[in-house]
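Work through the exercises below with the sequence and the 3D view open. Try each task before reading its solution.

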Amino acid sequence: MPHREKGFLKLFKETNDRLKPVFGCADGEAIILAGTGTTVMDASLTSMFDPEDKVLNIVSGKFSERYMEITQAHGRQSRVLQCEWGARVPVAKVKEILDTENISGVTICHNETSTGVCNVNEIKEIGKIVRAKGGYLLVDAVSSLGGMEMNMDQWDVDVCVSAGQKCFMLPPIIAFMCMNRRAIERMRTRKHRGYFTDPIAYLNDKDKAPYTPPINAVFGLAESLNIMYEEGLQKRYARHHEMALHCRDLTKKLGLRFYPKEEAIMSDVVTGMAVEGFDESAVRKRLAEEYKVNIAGGQGQVKGKIIRVAHMGMVTKENLDYTMQGLGKILAEVRGK
Ligand SMILES: Cc1ncc(COP(=O)(O)O)c(C=O)c1O
């Protein structure tokens with residue numbers, strides 16, 4: 001199907017607009033790009049800030065570190081707040097920096113997939129502080145959007161980015177971002193927003209798509225949204241929370257500790273478990289071979305220290321029971337119990 005065909009263009013425009021309630025953004029615009037989560041992280045950063053802007057990058061895991069790397073790669077001034085991975089983001093420290101330095105914008109990760117920590121409460125507090133200072137808050141919700149609530153309007157989030165391959169249950173090739181009115185206004189005043197990832201090009205050409213969109217994936221995304229709205233967003237978030245509680249119960253039963261320091265900051269879409277006394281890569285390999293289940297290890301500074309079980313999208317309690325039973329059996333063997 002050609003992407004200039006009328007039927008497709010109608011679907012494309014509708015699908016852009018149907019993303020907005022998932023972002024919790026009534027007064028703004030959502031756009032779809034070909035690419036992955038990193039594409040839209042890149043797009044958000046380059047379109048919002050100039051080289052003379054200082055951006056506060058809150059780094060609490062591998063993906064928030066990526067926002068820092070993107071900031072630096074594009075030659076924007078990066079003021080880094082290194083936080084302890086797996087711990088609560090220190091809001092008081094963020095406030096102190098915003099009170100004493102000239103910061104144009106802040107980047108933070110909603111659901112830090114690398115540690116299993118969700119920064120939702122911190123985002124709500126930081127959003128207020130950033131807005132009061134006249135700055136802009138950019139949030140990475142790549143792994144959580146559609147599985148956990150995002151409310152850009154209420155939480156003072158100016159730009160939020162996500163992608164298809166996590167809670168939207170799609171193959172990786174489609175990404176999306178949402179900007180509120182004030183973010184769009186700022187973008188429009190900036191001269192060098194990039195090219196392929198310039199959000200304004202997508203907004204100006206919204207019912208046409210400026211470049212060939214990932215057509216198959218747009219059909220997939222439309223269907224994901226059908227599934228989500230049929231279930232109901234609030235019900236969907238509640239189901240993900242239940243799955244997380246179930247996974248936490250199973251984790252405790254196996255005698256494993258959580259990687260996040262507090263249960264209150266744990267994610268509803270991925271559970272991070274601390275690796276203590278076993279070789280995590282050997283255990284994951286056996287789980288994949290013997291049970292045909294892939295669970296993730298750690299990246300960066302948490303490599304070898306964490307295993308992560310995802311429970312997003314259509315993962316069921318039965319899937320989790322099967323996974324954790326297999327993990328339990330393998331752990332019992334390797335620990336010699
Ligand atoms: C929170 C978060 N941000 C960003 C990314 C990067 O996305 P991608 O690999 O789609 O470029 C990921 C990928 O897992 C992620 O979980």
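**Exercise 1: The ligand shell**

Task: Sort the residues of the shell around the ligand into nonpolar, polar and charged.

Solution. The shell divides into 5 nonpolar, 6 polar and 1 charged. Here Ala, Val, Leu, Ile, Met, Phe, Trp, Tyr, Cys and Pro count as nonpolar, Asp, Glu, Lys and Arg as charged, and the others, Gly among them, as polar. Now find them. Phe-63, Cys-109 and Asp-140 are among the residues that surround the ligand. Others in the list include Thr-36, Gly-37 and Thr-38. A residue is near the ligand if its C-beta atom, placed from the backbone, lies within 6 Å of it.

Two notes before you go on. This is a predicted model: local features need pLDDT of at least 70, side-chain atom pairs count only at pLDDT 80 or more, and totals for chains, interfaces and linings use all residues. Residues are numbered from 1 along each chain as its sequence is written.

**Exercise 2: Helix α2**

Task: Compare the reach of α2 with the expected span, then decide whether the helix is mostly covered or uncovered.

Solution. Helices are DSSP runs (H or I, at least four residues), and strands are too (E, at least two); both are numbered from the N terminus. Helix α2 covers residues 37-48, 12 residues in total. Its first and last C-alpha atoms are 17 Å apart, close to the expected 16 Å. The expected span is 1.5 Å times one less than the number of residues. Next, burial. A residue is buried if 20 or more other C-beta atoms, placed from the backbone, lie within 10 Å of its own, exposed if 12 or fewer, and partly exposed in between. By that count α2 is mostly covered, with 11 of its 12 residues buried. Gly-37, Val-40 and Met-48 are among the buried ones.

**Exercise 3: The largest nonpolar core**

Task: Find the residues that touch the most other members of this core, then say where the core lies.

Solution. A nonpolar core is a set of buried Ala, Val, Leu, Ile, Met, Phe, Trp, Tyr and Cys residues joined through C-beta atoms within 7 Å. The largest one has 94 residues, and Phe-23, Cys-160 and Met-177 touch the most other members. Strand β9 (residues 174-180) gives the largest share, 6 residues. Domain 1 (6-231) and domain 2 (233-334) both contribute, so the core lies between them. The domain bounds come from an automatic or database domain assignment.

**Exercise 4: Two unusual angles**

Task: Where are Met-169 and Lys-292 found?

Solution. Met-169 sits in the loop between β8 (159-163) and β9. Its phi is positive, about 65 degrees, although Met-169 is not a glycine. Lys-292 lies in the loop between α11 (280-291) and β11 (306-310). Its phi is about 60 degrees. Most residues other than glycine have a negative phi.
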